[in-house]
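Biologist: Before we begin, please set out the model so that I may put my questions to you in turn.

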Amino acid sequence: MIEFRHVSKTYAGSDRPVVNDLSFEVLDGEICVLVGPSGCGKTTSMRMVNRLIEITEGEILIDGEPNTSMSGTQLRRKIGYAIQQIGLFPHRTIADNIGTVPNLLGWEKGRIRERVNDLLDLVGLSPDEYRDRYPAELSGGQQQRVGVARALAADPPIMLMDEPFGAVDPITRERLQDEFLHIQEDIKKTIVFVTHDIDEAIKMGDKIAILKQGGVLAQYDTPQTILSRPNSEFVSSFVGGDRLLKRLSLTRVSELDLGPANGGTDGLPRISDGLTVRDALSELMGSGQSKAVVEKDGEKKLLTFQDIEALTSSGAMGGGKRSA
């Protein structure tokens, strides 16, 4: 668990904090997303966890111990770090890049090789094909995967991710988000994730911390609660006027209680039950139909506009928040 206790940061020569009295908890296995406008202190807050930036006031506890209880170097070797610019060493192979921290920790070569192979498999890159390549031989999306693998190399309980998917095109970005959420289902890391994109925050986060200028915490809660009950005009404005549609992205079609498709379905579109309700609504609107057939548990179910309207009016959205 990570706990911020009244954390503030003020740089020398300034009388205004960039982070001001920040307090919240990130439970084990959760993804906490820090989001807010440019200059609100979200990256500074994240970097204080591994002491790339030192705290001015307050403290950050990791499993109950202050993060100052060991040297910054020791701390950073125990925390995975993935950034937007990726930061791969261009003169080193992919295997050497991924094995950087295990090598610093003195792991045996055989153990490092096995870990590299496992991680390349985990992020969807064949070890035989990619371990001996160099970063310049990979696409931007492939480099991002290697960056995530490197952050996971020493199997750290905590990961910090600073806009890790921000430097790739939207289609690749969405695919990387989905892949990482699938990976997280298995590895259950405790993650602090920085983004400027509220849609990405909603998709990736178990909890969202919305910061406003001056590094003040505006609201900290689940995506469902923030979308349904923003606690201020600032939060309401930041998440946008399409909050209802964003809420639809928190529920999959598979979670809906749909009636059977009893005949008369010829010509209706077919929709995967793995889609979010928001994407299913887009499919319906694009088809010009008010109904669609869903294959669910081996049976054909019928999804209608009325099902979606009932969901939005019930306020019961968000049984499964992610669209991976």
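Biologist: Which residues does T44 touch, not counting residues up to four places away in sequence?

Modeller: In this predicted model, T44 is part of helix α1, residues 42-49. Its relative accessibility is 14%, under the 20% limit, so T44 counts as buried. Leaving out residues up to four places away in sequence, the residues that T44 touches are K9, Y11, V18, V19 and I53.

Biologist: With which residues is L119 in contact, leaving aside its neighbours within four places in sequence?

Modeller: L119 belongs to helix α5, residues 109-122. With a relative accessibility of 2%, L119 falls under the 20% limit and therefore counts as buried. Once neighbours within four places in sequence are left aside, its contacts are I98, A149, L152 and A153.

Biologist: How far apart in space are L119 and V216, C-alpha to C-alpha?

Modeller: In sequence, L119 and V216 are separated by 97 residues. In space, C-alpha to C-alpha, the separation of L119 and V216 is 37 Å.

Biologist: In what order do the strands of the open sheet of six strands stand?

Modeller: The pairing in this sheet is mixed. β6 (79-83) and β10 (216-221) stand at the edges with a single partner strand each, so one side of each has no neighbour in the sheet. From one strand to the next, the twist averages 15°. Read across, the order is β6-β7-β8-β3-β9-β10.

Biologist: What angle does the direction of α7 make with that of β6?

Modeller: β6 and strand β7, residues 158-162, run parallel and are joined by five bridges. Within this pair, A82 is opposite M161 of β7. α7 packs on the sheet and touches both β6 and β7, and the angle between the directions of α7 and β6 is about 165°.

Biologist: Which residue of β8 is the bridge partner of C32?

Modeller: Strand β3, residues 31-35, pairs with β8 in the parallel sense over five bridges. β7 also pairs with β8 in the parallel sense, over five bridges, and there L160 stands opposite V192. For C32, the bridge partner in β8 is V192.

Biologist: How many of the six residues of strand β8 are buried?

Modeller: In a regular strand, side chains alternate between the two faces of the sheet. In β8, T190, V192 and V194 point one way, while I191, F193 and T195 point the other way, and all are buried. For strand β8, residues 190-195, the number of buried residues is therefore six of six.

Biologist: Which element gives the most to the lining of the largest cavity?

Modeller: There are two cavities of 30 Å³ or more, and the largest has a volume of about 70 Å³. Its lining consists of V123, Q144, R145, V148, F165, L176, E179, F180 and I183. Two helices, α7 (140-152) and α8 (170-187), each supply at least two of the lining residues. With four residues, the element that gives the most is α8.

Biologist: How do the residues of that lining divide into nonpolar, polar and charged?

Modeller: The lining includes V123, Q144 and R145. Val counts as nonpolar and Arg as charged, while Gln is among the others and so counts as polar. Over the whole lining of the largest cavity, the division is six nonpolar, one polar and two charged.

Biologist: Is D63 buried or exposed?

Modeller: D63 lies in the loop that links β4 (57-62) to β5 (65-66). Most residues other than glycine have a negative phi, whereas phi of D63 is positive, near 50°. Its relative accessibility of 56% is over the 50% limit, so D63 counts as exposed.

Biologist: What is the phi of D155?

Modeller: D155 is placed in the loop between α7 and β7. At 46% relative accessibility, D155 counts as partly exposed. Phi of D155 is a positive value in a residue other than glycine, near 55°.

Biologist: Which strands does helix α13 touch in the open sheet of four strands?

Modeller: The order in this sheet is β11-β14-β13-β12, with mixed pairing, and the edge strands are β11 (259-260) and β12 (270-272). Strand β13 (residues 291-296) pairs with strand β14 (residues 299-304) in the antiparallel sense over six bridges, and V294 has K301 of β14 as its bridge partner. Helix α13, residues 277-287, packs on the sheet, its direction making about 165° with that of β12, and the strands touched are β12, β13 and β14.

Methods:
Residues numbered from 1 in each chain as written. Predicted model: local features only at pLDDT ≥ 70, side-chain atom pairs only at ≥ 80, totals over all residues. Heavy atoms only, no water. 1 Å grid on protein atoms, 1.4 Å probe; cavity = no way out; pocket = protein on both sides within 12 Å on 5 of 7 lines; lining within 4 Å. Points joined across faces, edges and corners; volume = space filled by probe spheres on them. Pairing = 2+ DSSP bridges. Axes fitted to C-alpha atoms, helices over the stretch in contact; angles between N-to-C directions. Contact = heavy atoms within 4.5 Å. Buried < 20%, exposed > 50% of the residue type's maximum accessible area, 1.4 Å probe, protein only.
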